[in-house]
Amino acid sequence: MREPTTRPDQHHFFADLDETPLLGVDAIDEHAAPASMWQDAWRNLRRRPLFWISAVLIVVVLAVAIAPSLFTSIDPNAKTACDLSHSLEGPSAGHPMGYTFQGCDVYSRVVYGARPSVAVGVLTTIIVVLIGVAVGAFAGFFGGWFDSLLSRVTDIFFAIPFVLAAIVVMSSLKSHRGVITVVIVLGVFGWPQVARITRGAVLGLKNSDFVTASTALGTSRLATLRRHILPNAAAPIIVYATVALGTFIVAEATLSFLGIGLPDSVISWGGDISTAQRNIRTDPMVLFWPAAALAITVLSFIMMGDVVRDALDPKARKR
Amino acid sequence: MTTNLDATGAPIQQHGTEPLLKVRDLQVSFTTSTGQVQAVRGADLTIYPGQTVAIVGESGSGKSTTAHAVIDLLPGTGKVTGGTIEFGGRDITHLSAKEMVEIRGAQIGLVPQDPMSNLNPVWKIGYQVKEALKANGIATGSEADKRVTELLAEAGLPDAERRANQYPHEFSGGMRQRALIAIGLAARPDLLIADEPTSALDVTVQRVILDHLQSLTEELGTAVLFITHDLGLAAERAEHLVVMYKGQVVESGPARKILSAPQHPYTQRLVASAPSLASRRIQSAKERGIESDELLASTGGTAKPKADDVVRVENLTKVFQIRGSRPGKHTEFTAVDDVSFAVKRGTTMAVVGESGSGKSTVANMVLNLLEPTQGKIFFDGTDLSTLGKDELFAFRRRVQPIFQNPYGSLDPMYSIYRTIEEPLRVHKVGDKKSREARVRELLDMVALPASTMRRFPNELSGGQRQRIAIARALALKPEMIVCDEAVSALDVLVQAQILELLNDLQAELGLSYLFITHDLAVVRQIADEVCVMESGRLVERATTDEVFDDPKQQYTRELLDAIPGSKLEVFGGDAA
Amino acid sequence: MAWYIGRRLLQMIPVFIGATLLIYAMVFLVPGDPILALAGDKGMSDALHDQLVAQYHLDQPFLVQYLHYLQGILTLDFGTTYSGRDVGDVMREIFPVTIQLAVMALIFEGVFGIGFGLIAGLRKGKIFDSTMLVASLIVIAIPTFVLGFVLQFVVGVKWGLLPPTVGSDVSVRTLLMPAIVLGSVSFAYVLRLTRTSVSENLSADYVRTATAKGLGRRRVVSVHVLRNSLIPVITFLGADLGALMSGAIITEGIFNINGVGGTLYHAILTSQGPTVVSITTILVIVYIFANLAVDLLYAVLDPRIRYA
């Protein structure tokens, strides 16, 4: 056979083995540390400054909510807490944020106001996740008429705007207002969104090969849902729950502001803002402090939700 | 003047003497969260006008990156950090964005890989082709519309005028690829970069499109830079090959030379492992009456003891109800139509077909994941439909699946240990200690170190995950394993490894395989018997030897012809 | 396509019935006698009390009450308020104001949300993007009523740039600040949605094909990236119209606007059940039709949906 003539630069060339060493086909690197998805996500999270900022803020907020007496010696609930002679005075020693129109110390009210707001946020989130995940998972996994029924129900709840529904119900429950009532009302109208997210996640996972493999093993459907699908659906739910916690706190503050949220007997940021707005032209700072506390609290949760979503993003993790 | 022949024995046309594309010592790097990664390290490439050159490599070889660097289309953080790219004598390595825009389309065209994701779903096909004409100043207005129809027809799209008014999702995969070819050639570039243009398509469609592309580019005198992972395909279509490995060019030269006398160990591995080439060699060995040692399946030649059927399928039919757009109106889709075959114990039965042939549906029914509409499945003589709940549970231990996508078949939340242990736990086999011992044993069987137990799927490569999937399938000591395109998503060398592993396990454990695949070349290596399916029907059923030597059906012949490299001349060490 | 519309309309019916039933239940099934609550501390003569009860069917079983109410809606008779005014008349007065407010808010959040979101998405990871991300989070974190008061005070009173209240002077200028306040949270969501959509689509395969054809960057972004990215954004905007009209409650209260929100709030506080229910029902109907319009719009924007 004749050697074919080739053009310049296209002769048969092969590289020196030293410069192009062959690696074993598909070898495992035994020295790398094992890493589950959560460990990977944690490593990703650790490197983000926003994570640390929001984590610190959340810890501070929770501490204030759980043990307000650690942060102030004044008890704003006491009968002697307010003295009209100090009405709308500015900051002074021991009273860094000044006084309200009633002569109450603003700082201690801000500190004690954390607990009801945070409690509403946390409890509502728990309820909403429990109901929403259960409904969404069953609808997505079992499908059929159950899914259609649940979709219609969620549509109905979606058709009524959240805040509006809360306002209508709370105003009817005038005599029964309290933290638990607010939690229940917000929870009843807040679960459809979680159900929708869960259903979407479950639908996406239902046809994965690892789910089919588990079925082919003989795992019951319910067990497959519990052991394989739900853990993998956790990521978007966690992200949403973190952000939702923030929005529930805003919702509660809005209701309290309108006078139909927490009763006057409970110190709340929303209620204080409502009272303070009457004097906004002369003493805006009385409104500013509870508003800032509210904003920072909510911000810390939704910022955390944002940062966790980025860390759990599969595109960021893919090797 | 000596006539040069390409790898299929056809004479090569002579073209101009100055290189059209000259890439020298190209360096491309990406910035990741862990630092800079060198994707291409010192690549050299030369293409002459009108010539077809192929870059061959596995994933991570840098072949696509090199091609995209030429037209400055590197994704994400990719950057050319060294070397030169000369096109038509002009240095285009660091051109401004505006100048690059002028080169793209008009002088260098691109035909990308995945036809579905590469066409904008919200614009009509005709519009997208017209854009290419307008952007490169070829034509506008009604002139352009006419040209669009001409281009689509030229690319082989039937009924081009009507089709131009349709959307991508109304086209089949092959049609979309033709539209992409029309777009790539619209402005008559001097060089066309074809990035794995047909790897997402069925084999028969692949051949037709590539033939068409070849004749079109020859007619127009367009040079083609062909990217592919299939060495047989590359040798068939190009006269000059460049083999890349881990970002470097390890070998390059005339296709014939590389195939007959590869010098670099990596190329040698590739030549040895590529299924299309192996299939060709087995066939040619047979033709010469020699036993090829590449044949993984047991030959049907020697007399074997009569084996019973581990699985027997009779008149299997599956009809799906598809919800139509009108309420109450359902269309029926027959995925599997009256299929019958039997798998002998200890052998491998391949079910071959293109997409829509129903082969996966058959596999799912054998695994009892789908109810057949009609027909019976017998496992070890027992009719599956007569099994009660507990018996069915016990049945599952005896048949296990391995799926195609290694990235979806392992639960990302489970450690490898948990994944392999799950079958044992579900069927309550042994206690914790004995299960751990069994997991170690299984990892050893699939040639993975025991330390893999603590790892998670996202740390492993595709081939490693498939081994885990195999280990999981073996946990309960099944009699049969259904491999649903189990090696189709793997790189060539890894694929060869897995096929050998499957073969060894079969010999050691007496396993039977139902091997679903679209790749007849793989079938040649591993299967004893073959069922060919088309559109739900069983078209031909015979031993592998019979199918390859004497195919009785036209469709089977088409499938055989479509294997890349089927037209290559005989190689195998005796290039005299 | 016609079947797609028809099917969506049919699906709306159970939702409508369910939603109105739910609203009615929320208002009237709650413990307490609404008529007495209305009278407050003043008390009410028995005759007047019985007359009102009969007029509003409050002595009949709940479902019968609901059916009377449903019948009313379908004949566009929304009854009368407890003080005797025809609810239909009241709504004719207040709806145009709120619609104007909501539309202005929608334009604000649409134009600025998409605009900033587009730039942020194109320059992902850079200064503008990071700033926008943090800014949008802050906007979401600050409750609307706080933002309303602060802006009213700073812009309206201190700087005097825009009138701090609206009252009976309804115009684009007076509604400008309320519209911005109303649309602020949605603006943040639109910005983020656009940004995510754009940055995802920028790395899409078909964008690479478009660039490989020889298209300039501007055309690639406007024709390919933007067009595809806008699909989820526009659907969000469409659904938001209904949410805006309901969220106006607070904004209208702060800026003293005689619109749906203000009237609704007043009716809630004075336990005017029929008024509350009527107005809420209209809001729900608006929301349902807005969703339907969004679905249709979606089908126009995305050809793949048309054959579903």
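User: In this predicted model, why is the crossing of helix α5 (residues 87–122) of chain C and α10(C) called right-handed?

Analyst: A crossing gets that name if the near helix is turned clockwise from the far one by less than a right angle. The crossing of α5(C) and α10(C) is right-handed, so the near helix of this pair is turned clockwise from the far one.

User: What makes the angle between α5(C) and α10(C) what it is, and how close do the axes come?

Analyst: The axes come within 9 Å and cross at roughly 150 degrees. The angle is taken between N-to-C directions and can run from 0 to 180 degrees, which means that a value above 90 is possible.

User: How do you know which residues of α5(C) and α10(C) meet?

Analyst: Two residues count as in contact if their C-beta atoms, placed from the backbone, lie within 7 Å. Among those of α5(C) that meet α10(C) are C:Thr98, C:Gly110 and C:Leu122. On the α10(C) side, the list includes C:Val221, C:Asp240 and C:Ala248.

User: What classes of residue make up the contact of α5(C) with α10(C)?

Analyst: The residues divide into 15 nonpolar, two polar and one charged. C:Asp240 is one of the residues in the contact, and Asp counts as charged, so C:Asp240 is the charged one.

User: What makes up the side of chain C that touches chain A?

Analyst: Here 34 residues of chain C are in contact with 34 residues of chain A. Helix α1(C) gives the most to this side of chain C, with eight residues. By class, the side has 29 nonpolar, five polar and no charged residues. Asp, Glu, Lys and Arg count as charged, so none of these four is found on that side.

User: How many residues of chain B are in contact with chain A, and which element gives the most?

Analyst: Contact is made by 57 residues of chain B with 41 of chain A. Strand β10 (residues 248–254) of chain B gives the most to the chain B side, with seven residues. That side has 26 nonpolar, 22 polar and nine charged residues.

User: Why are strand β1 (residues 13–14) of chain A and β10(B) said to pair?

Analyst: Pairing requires at least two bridges. These strands have two bridges, in the antiparallel sense, so they pair. In β10(B), B:Ser252 is the bridge partner of A:Phe13.

User: Which element of chain C has the lowest mean pLDDT, and which the highest?

Analyst: Helix α2 (residues 34–39) of chain C has the lowest, 58, and helix α9 (residues 205–213) of chain C the highest, 92. Chain C averages 81, with 88% of the residues scoring at least 70.

Terms used:
Residues numbered from 1 in each chain as written. Chains lettered and ligands numbered in written order. Predicted model: local features only at pLDDT ≥ 70, side-chain atom pairs only at ≥ 80, totals over all residues. pLDDT = per-residue confidence, 0-100. Helix = DSSP H or I, 4+ residues; strand = E, 2+ residues; numbered from the N terminus.
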